[in-house]
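Trainee: I've got a structure open and I'd like to practise reading it. Can we go through it together, one question at a time?

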Amino acid sequence: MLKQSSELPASWKLGLGNLHDLVEYITPDDMRTFAVTEENGVVVAVWTGHPECGADFQVRAEFRRTPDSLTSGNFSFSRYTGKRFVEEIRFPVVRFPFSMDSVLYSSGYDLGMRSRVLPRLEEEAGGSFQNMSFFAVVQKNLPNFYADHRDPEHARKGYSCRITDGGNAFVYEGLHFVGLGDIPNPECRIPYESCFGTFKGDWFEAAQIYKKWGTKQSWFTSRKTENPLRKLGLWVWNRGLAGDVIPPVLQLQKDLPGIPVALDWYWWHHNPYDTDYPDFWPPREGEEKFREAVALLKKNGIFTQTYVNGALWDLDAPSWKDGGDDSVIVKRDGTPYAVEFNKYNHHRLGFVCGEAPKFHDKLSALLPHLRNAGLDGQYLDVVGIMPGLGCYNPRHRHPKNGGSYMAAGYRKMLLRLKKELPDFPLSTEFCNEAFMDIFDGAIVCGAISQEHFGGTDSTAVPLFSAVYHGRNAMALFGNYAHPDGVTPWDPLWPDEDRWKGEEPWHKLYPDQFFIEVMRDVIWGLQPMVCNLTEHIYTDPEFAEIYRFILDTARFYYANRDFLFDGEMTSPAGFECAEKDVEFHARMIFTKKDACTVVRSRLPAVLHGCWRSPAGEEALFLGNYTGKAQDWSFRGKTGILPPHSCEKIML
């Protein structure tokens with residue numbers, strides 16, 4: 001029988017605050033009494049009494065073993081009479097042996113990330129769980145650690161971690177944000193279980209633990225018909241006027257007979273990019289010319305969707321007076337949550353809460369214009385990231401900060417749009433299980449092209465593909481792969497900020513375009529090319545790049561039974577040379593003197609393993625380098641030509 005709370009599988013913290021200042025934490029050591037019982041394999045621990053929280057204040061934690069040998073924990077508190085709010089629950093708090101050569105994996109952002117630079121000793125680090133909710137630490141000579149939070153309602157949550165004891169111990173804390181009212185909650189229960197423990201393997205095996213739970217949930221099981229985006233073989237992300245955007249796409253479709261090409265068209269709208277949202281209509285070149293352009297694309301069999309932001313409202317636009325204050329997320333300090341994405345005109349884009357009927361009405365009024373113009377589907381930017389955000393807007397009815405209202409509100413909006421526009425595929429930014437059963441597709445540029453942001457602390461890992469893939473999942477696509485390394489420029493931005501002169505970026509960074517496109521294919525995403533312009537297919541200088549674009553589309557399309565319909569299997573056991581790769585860290589708002597170079601040591605051959613619905617298994621390879629590369633995998637060997645993909649049946 002346990003006698004001390006320190007003997008339990010995990011501990012907890014409660015964050016007390018006044019909604020303004022930083023929270024202060026209480027722990028089991030601050031409680032007056034502790035008791036524990038065990039019956040039928042369930043350990044129930046109860047702490048009672050606290051000087052501020054009340055003599056009868058009670059904290060309760062339950063632990064049991066799961067079929068996969070993890071510990072499942074549930075947490076609640078009751079009889080709280082303190083004056084401050086319980087703003088945060090940190091549970092489970094788990095401490096385990098650690099070595100500094102360990103690798104951290106988080107599923108919370110985009111496809112998933114691997115941390116190559118660890119938190120500083122005794123400093124807290126962490127993040128939010130925006131798309132899936134699991135975390136893993138893989139170690140060479142110590143047991144691996146895994147934690148997840150099995151939340152079917154997608155409440156706002158995150159994690160905190162720190163390295164302690166001189167680098168010999170690691171502390172993981174699941175972070176649950178409490179939904180707050182006008183007075184402190186007398187009781188609260190985390191409405192989902194948190195599982196944690198040790199596991200064997202690497203990131204793929206960690207993803208399989210979460211997969212057992214996630215693929216049983218309604219967001220994965222409810223898609224009954226074939227995803228309408230499955231038919232696509234290549235995406236083109238072009239921006240600007242019809243005369244610049246459309247001819248390269250028509251040429252691609254001509255050169256890829258029988259393989260449907262898709263256009264994600266940005267800057268079709270009258271307003272400058274990242275300005276005046278959500279007022280996109282009318283089109284930049286007028287409604288009549290826009291309709292003619294869409295009709296031409298449709299005549300040539302090209303799937304077309306346009307850019308609309310589904311979650312941001314411009315604080316500096318005239319339309320803000322129509323309901324912006326009623327819609328925006330308000331931060332803890334009482335100010336709107338807004339970001340100045342546009343570095344040229346400095347407009348502030350406010351993030352809209354899930355409880356924002358006036359914003360929903362604006363999108364509901366806009367989208368029929370686009371469908372009636374002949375579009376095949378619609379892209380709604382940013383929505384996929386929203387479940388990770390909290391709101392303190394005093395005009396809203398939802399609990400402050402914590403809760404599931406963000407996901408629930410956006411689901412309500414999306415279901416309304418789906419009802420009003422049936423058989424009209426919708427896509428968003430970021431893969432996210434909260435909306436997987438509503439959205440047909442998601443662009444996932446952040447992980448595929450992580451180096452564009454200039455960071456070196458982490459690298460992409462296809463955790464989402466390892467959990468959710470196949471005919472029940474969203475169609476994933478996207479990258480920031482520019483064939484010539486030149487980003488597009490919106491002519492509505494101030495000309496003085498435009499780059500003066502370009503260099504042969506495709507020669508200075510010869511691997512960058514190829515690796516970004518190949519990550520798509522090898523990780524089970526539909527390939528994309530960005531800012532495709534006429535000279536890419538007319539100038540002999542880019543003949544090899546254009547050949548690669550065509551060959552990659554053909555390769556992906558021919559293998560959709562694996563790469564769209566299939567499920568990922570373990571990639572362990574692959575060997576090849578490594579290569580030092582340089583990336584040009586450049587985004588559309590990056591000024592020339594702010595560009596940096598990112599250097600990463602990466603496998604010279606990308607690889608992934610996939611199983612088709614028919615049960616066949618195959619190894620998929622991608623050589624992004626300009627030289628042939630040797631490889632070996634579980635007794636098989638080969639030489640892969642430069643700039644090529646290959647399928648090896650297993």
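Trainee: Let's start with two helices. At what angle do the axes of helix H6 and helix H7 cross?

Mentor: Keep in mind that this is a predicted model. H6 covers residues 357-372 and H7 covers residues 405-420. Their axes come within 10 Å, and they cross at roughly 25°.

Trainee: So what do we call H6 relative to H7, roughly parallel or oblique?

Mentor: Angles under 35 degrees count as roughly parallel. The crossing here is at roughly 25°, and that makes H6, relative to H7, roughly parallel.

Trainee: Which residues of H7 does H6 meet, and how do the residues of that contact divide by class?

Mentor: From H6 come His 360, Asp 361, Leu 363, Ser 364 and Leu 367, and in H7 they meet Gly 409, Met 413, Arg 416, Leu 417 and Glu 420. Gly counts as polar in this scheme. By class, the contact of H6 with H7 comes to four nonpolar, three polar and three charged residues.

Trainee: Now helix H3 and helix H13. Is H3 roughly parallel or oblique to H13?

Mentor: H3 is residues 242-255 and H13 is residues 543-558. Their axes come within 11 Å and cross at roughly 60°. Roughly perpendicular would start at 65 degrees and roughly parallel stops at 35. That makes H3, relative to H13, oblique.

Trainee: Is the crossing of H3 and H13 left-handed or right-handed, and which residues of H13 does H3 meet there?

Mentor: H3 passes H13 in a right-handed crossing. On the H3 side you'll find Gln 251, Leu 252 and Asp 255. The H13 residues they meet are Tyr 546, Ile 549, Leu 550 and Arg 554.

Trainee: How do the residues of that contact divide by class?

Mentor: Tyr counts as nonpolar here, and Asp and Arg count as charged. So the contact of H3 with H13 divides into four nonpolar, one polar and two charged.

Trainee: On to aromatic rings. Are the rings of Trp 493 and Phe 589 stacked or tilted?

Mentor: Their centres are 5.0 Å apart and their planes are at 40°. Stacked would need planes under 30 degrees apart, and edge-to-face over 60. With the planes at 40°, the pair is tilted.

Trainee: How many residues apart in sequence are the parts that this pair ties together?

Mentor: Trp 493 is in the loop between strand E29 and helix H10, and Phe 589 is in the loop between strand E33 and strand E34. Trp 493 is buried at 3% relative accessible area, and Phe 589 is buried too, at 15%. The parts that the pair ties together are 96 residues apart in sequence.

Trainee: The loop between E29 and H10 also holds Asp 490. Is Asp 490 buried or exposed, and what is it in contact with?

Mentor: Asp 490 has a relative accessible area of 0%, so it is buried. Leaving aside neighbours within four places in sequence, Asp 490 is in contact with Trp 267, Pro 272, Tyr 273 and Arg 284.

Trainee: And Glu 451: is it buried or exposed, and which residues does it contact?

Mentor: Glu 451 is in the loop between helix H8 and strand E28. Its relative accessible area is 1%, so it is buried. Beyond neighbours within four places in sequence, Glu 451 is in contact with Thr 459, Arg 519, Phe 583, Ala 585, Val 598 and Ser 600.

Trainee: Gly 635 next. Is Gly 635 buried or exposed?

Mentor: Gly 635 lies in the loop between strand E37 and strand E38. Over 50% is the cut-off for exposed. At 81% relative accessibility, Gly 635 counts as exposed.

Trainee: What about the backbone? What is the peptide bond from Phe 91 to Pro 92, and what is the one from Trp 281 to Pro 282?

Mentor: Pro 92 is in strand E7, and the bond leading to it from Phe 91 has omega near -5°. Pro 282 is in the loop between strand E19 and helix H4. The bond from Trp 281 to Pro 282 has omega near 10°. The Phe 91 to Pro 92 bond is cis, and the Trp 281 to Pro 282 bond is cis.

Trainee: Last one: what phi does Glu 122 have, and what phi does His 346 have?

Mentor: Glu 122 sits in the loop between strand E9 and strand E10, and His 346 in the loop between strand E22 and strand E23. Glu 122 is partly exposed at 44%, and His 346 is partly exposed at 44%. Neither is a glycine, yet phi is positive: about 70° for Glu 122 and about 65° for His 346.

Notes:
Residues numbered from 1 in each chain as written. Predicted model: local features only at pLDDT ≥ 70, side-chain atom pairs only at ≥ 80, totals over all residues. Heavy atoms only, no water. Axes fitted to C-alpha atoms, helices over the stretch in contact; angles between N-to-C directions. Helix = DSSP H or I, 4+ residues; strand = E, 2+ residues; numbered from the N terminus. Parallel < 35°, antiparallel > 145°, perpendicular 65-115°, else oblique. Left-handed = near helix turned anticlockwise from the far one by under 90°. Contact = heavy atoms within 4.5 Å. Phe/Tyr/Trp six-rings, centres within 6.5 Å; stacked < 30°, edge-to-face > 60°. Buried < 20%, exposed > 50% of the residue type's maximum accessible area, 1.4 Å probe, protein only.
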